[in-house]
Amino acid sequence: MLAIIGGTGLTEMDGLDVISHQKVDTQWGDPSAEIITGSIGGKHVLFLARHGHPHRIPPHKVNYRANIQALKNAGATAIIAVNAVGGIHPDCEPAGLMIPDQIVDYTWGREHTFFADDLDHVVHIDFSWPYDEPLRQRLVNKAKALQLDIMARGVYGATQGPRLETAGEIQRMLRDGCDIVGMTGMPEAALAREVELPYACIALVVNMAAGLTDEIITMAEIEAALHQGMGKVLSLLTESIADYPA
Ligand code: HPA
């Protein structure tokens, strides 16, 4: 069953017929919220609000291990993550979508692996291509079918937050090859790989990153772009769930 992790602006999924709420606890602690099982167009799907419901857990405090483990325990077979991001690549624009294919991780101090304690042997997962390519292609093809103007690949730079970046940090990220910047892409993607759950991301650009325009970044502009872009995210999700193999 496909699972959706909703980020900022997607605490609830419109169009989802809720079947049940389950409180799942894991050996890593509590996930951000109850896991919702619902149906869209007759297809069952799991939904988890990354920042809790209501939205109250900042990016660096999310228990990513509990979230991924809880979805795995609830029967998820793949995850589509939705993340609000800042745009770095000049083709980004607020309310635009990207399906990234790479990650650069700048986060620190987060519990970022299941393979830390009580190990029989040391585990190093392959993470050359952090997103699952078939799942990514499914999203890209669905976006094309919906005539959504998306960026079909790009590099997600994951920062620690909760503050936004300095202009200098964004210039460094640009030199590093980052196309978008967000605070929640990692360690989520790596943890999904550790438990062998195919994982892909729909990134919604909600502002241009720090220092790339003459203006400072305001919550008002972020909220306006979230509002403007979330409809596209929801149609892309709905289409992608519709013919996902049961
Ligand atoms: N930086 C980091 N995370 C973000 C941003 C940003 O500019 N916008 C939305 N999430």
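How much space lies in the largest pocket? In this predicted model, the answer is about 460 Å³, and the description that follows starts from that pocket, turns to the ligand, and then takes up a second pocket and some features of the backbone.

The lining of the largest pocket is made up of 27 residues, and those that lie nearest its centre are Thr8, Pro59, Ala84, Leu164 and Met183. Several elements give two or more residues to this lining, namely strand S5 (78–87), strand S10 (180–182), strand S11 (199–208) and helix H5 (219–242). Strand S5 supplies the largest share, with 4 residues. Sorted by class, the lining consists of 15 nonpolar, 10 polar and 2 charged residues.

The largest pocket is also where the ligand sits, and the elements giving two or more residues to the shell around the ligand are S5, S10 and S11. As with the lining of the pocket, where S5 has the largest share, the largest share of the shell comes from S5, here with 3 residues. The residues that surround the ligand are Ala84, Val85, Gly86, Leu164, Glu165, Val181, Gly182, Met183, Val206 and Asn207. By class, this shell comprises 6 nonpolar, 3 polar and 1 charged residues. Ala84, Leu164 and Met183 thus appear in the shell around the ligand, and they are also among the residues nearest the centre of the largest pocket.

Which residues place N or O atoms close to nitrogen of the ligand can be followed through individual distances. A polar backbone atom of Ala84 is 3.4 Å from a nitrogen atom of the ligand, and a backbone N or O atom of Gly86 lies 3.3 Å from a ligand nitrogen atom. In the case of Asn207, by contrast, the N or O atom belongs to the side chain, and its distance from a nitrogen atom of the ligand is 2.6 Å. On its own the ligand has 260 Å² of accessible area, and the protein covers 93% of it.

The second largest pocket has a volume of about 190 Å³. Its lining is formed by Tyr106, Trp108, Thr159, Gln160, Gly161, Arg163, Glu165, Glu169, Arg172 and Met173, which divide by class into 3 nonpolar, 3 polar and 4 charged residues. Glu165, one of these lining residues, is also one of the residues that surround the ligand.

The backbone remains to be considered. Most residues other than glycine have a negative phi, and most peptide bonds are trans. Against that background, the peptide bond from Gly161 to Pro162 is cis, with omega near 0°. Pro162 is placed in the loop between strand S9 (155–158) and helix H3 (167–175), while Gly161 is one of the residues lining the second largest pocket. Another cis peptide bond, with omega about 5°, joins Met186 and Pro187, and Pro187 is found in the loop that runs between S10 and helix H4 (188–194). Strand S10 is also one of the elements that give two or more residues to the shell around the ligand.

Asp118, finally, is not a glycine and yet has a positive phi of about 50°. Asp118 has its place in the loop between strand S7 (102–105) and helix H2 (133–145).

Terms used
Residues numbered from 1 in each chain as written. Predicted model: local features only at pLDDT ≥ 70, side-chain atom pairs only at ≥ 80, totals over all residues. Heavy atoms only, no water. 1 Å grid on protein atoms, 1.4 Å probe; cavity = no way out; pocket = protein on both sides within 12 Å on 5 of 7 lines; lining within 4 Å. Points joined across faces, edges and corners; volume = space filled by probe spheres on them. Nonpolar A, V, L, I, M, F, W, Y, C, P; charged D, E, K, R; others polar. Near = heavy atom within 4 Å. Polar contact = N/O pair within 3.5 Å; in protein donor to acceptor, adjacent residues only side chain to side chain. Areas by Shrake-Rupley, 256 points an atom, 1.4 Å probe, with all protein chains shown as cover. Sits in = over half its atoms within 2 Å of the grid points.
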